[in-house]
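Let's take a walk through the aromatic side chains of this protein. Please have the viewer open and follow along.

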Amino acid sequence: MTTVPCVGFILFKDNKILVERRKKEKKVYPFCITLPGGKIDENETSEQAIIREVKEEFDVTVKKFKYIGHKKEIINNILFPIDYFLVTEWTGEIKCLEADELFWIKPEEYKMIASSVDKEIIKEHFFLTRL
């Protein structure tokens, strides 16, 4: 089985989460709503990847982020180990550079997201940590 290490991120502002509708040409979750993320490049840490991916996808510079968990997902016989980060501060205006659409949702609207591991990380971070 092929392994593709990734990062996923939650941009959080005004009590809302930024989600994306992926392009229909994508191999994984085409035209579905997911958290943004991307592959970790060779010789790159997950922390370096999160800064690079946010810049590539939204043209903003991360100022404050923290690790919030790790999940694994298998799609088409490919293992995707995903390090998730919460991004709470950035500079610049968010642009939609890689997805079909970006929009903000309330954490309790997480069920519209296609990826089960994206839903799990939102549920764990926003709801289970408050107990």
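A good place to begin is Trp104, which is partly exposed in this predicted model. Its relative accessibility is 34%, and a residue counts as buried only under 20% and as exposed only over 50%. Trp104 pairs with Trp90, their ring centres lying 6.5 Å apart. The planes of Trp90 and Trp104 meet at 15°, so the pair falls under the 30 degrees cut-off and is stacked. Trp90 itself has a relative accessible area of 17%, so it counts as buried.

Now look at where these two residues come from. Trp90 belongs to strand 7 and Trp104 to strand 8 (residues 101–105). The two are 14 residues apart in sequence, so their contact ties together separate parts of the chain.

Next come the phenylalanines. A pair of aromatic rings is described by the distance of the centres and the angle of the planes. For Phe65 and Phe85 these values are 5.6 Å and 70°, so the pair is edge-to-face. This contact also links distant parts of the chain, since Phe65 sits in strand 6 (residues 61–75) and Phe85 in strand 7 (residues 78–91), 20 residues apart. Phe85 is buried, at 1% relative accessibility, whereas Phe65 is partly exposed, at 29%.

Tyr67 joins in here too: ring pairs link Phe65, Tyr67 and Phe85 into a cluster. The count of aromatic pairs comes to six.

One last stop involves a charge over a ring. The charged end of Arg21 is placed over the ring of Phe31, at 5.2 Å from the ring centre.

Technical notes
Residues numbered from 1 in each chain as written. Predicted model: local features only at pLDDT ≥ 70, side-chain atom pairs only at ≥ 80, totals over all residues. Heavy atoms only, no water. Phe/Tyr/Trp six-rings, centres within 6.5 Å; stacked < 30°, edge-to-face > 60°. Helix = DSSP H or I, 4+ residues; strand = E, 2+ residues; numbered from the N terminus. Buried < 20%, exposed > 50% of the residue type's maximum accessible area, 1.4 Å probe, protein only. Lys NZ or Arg CZ within 6 Å of the ring centre and 35° of its normal.
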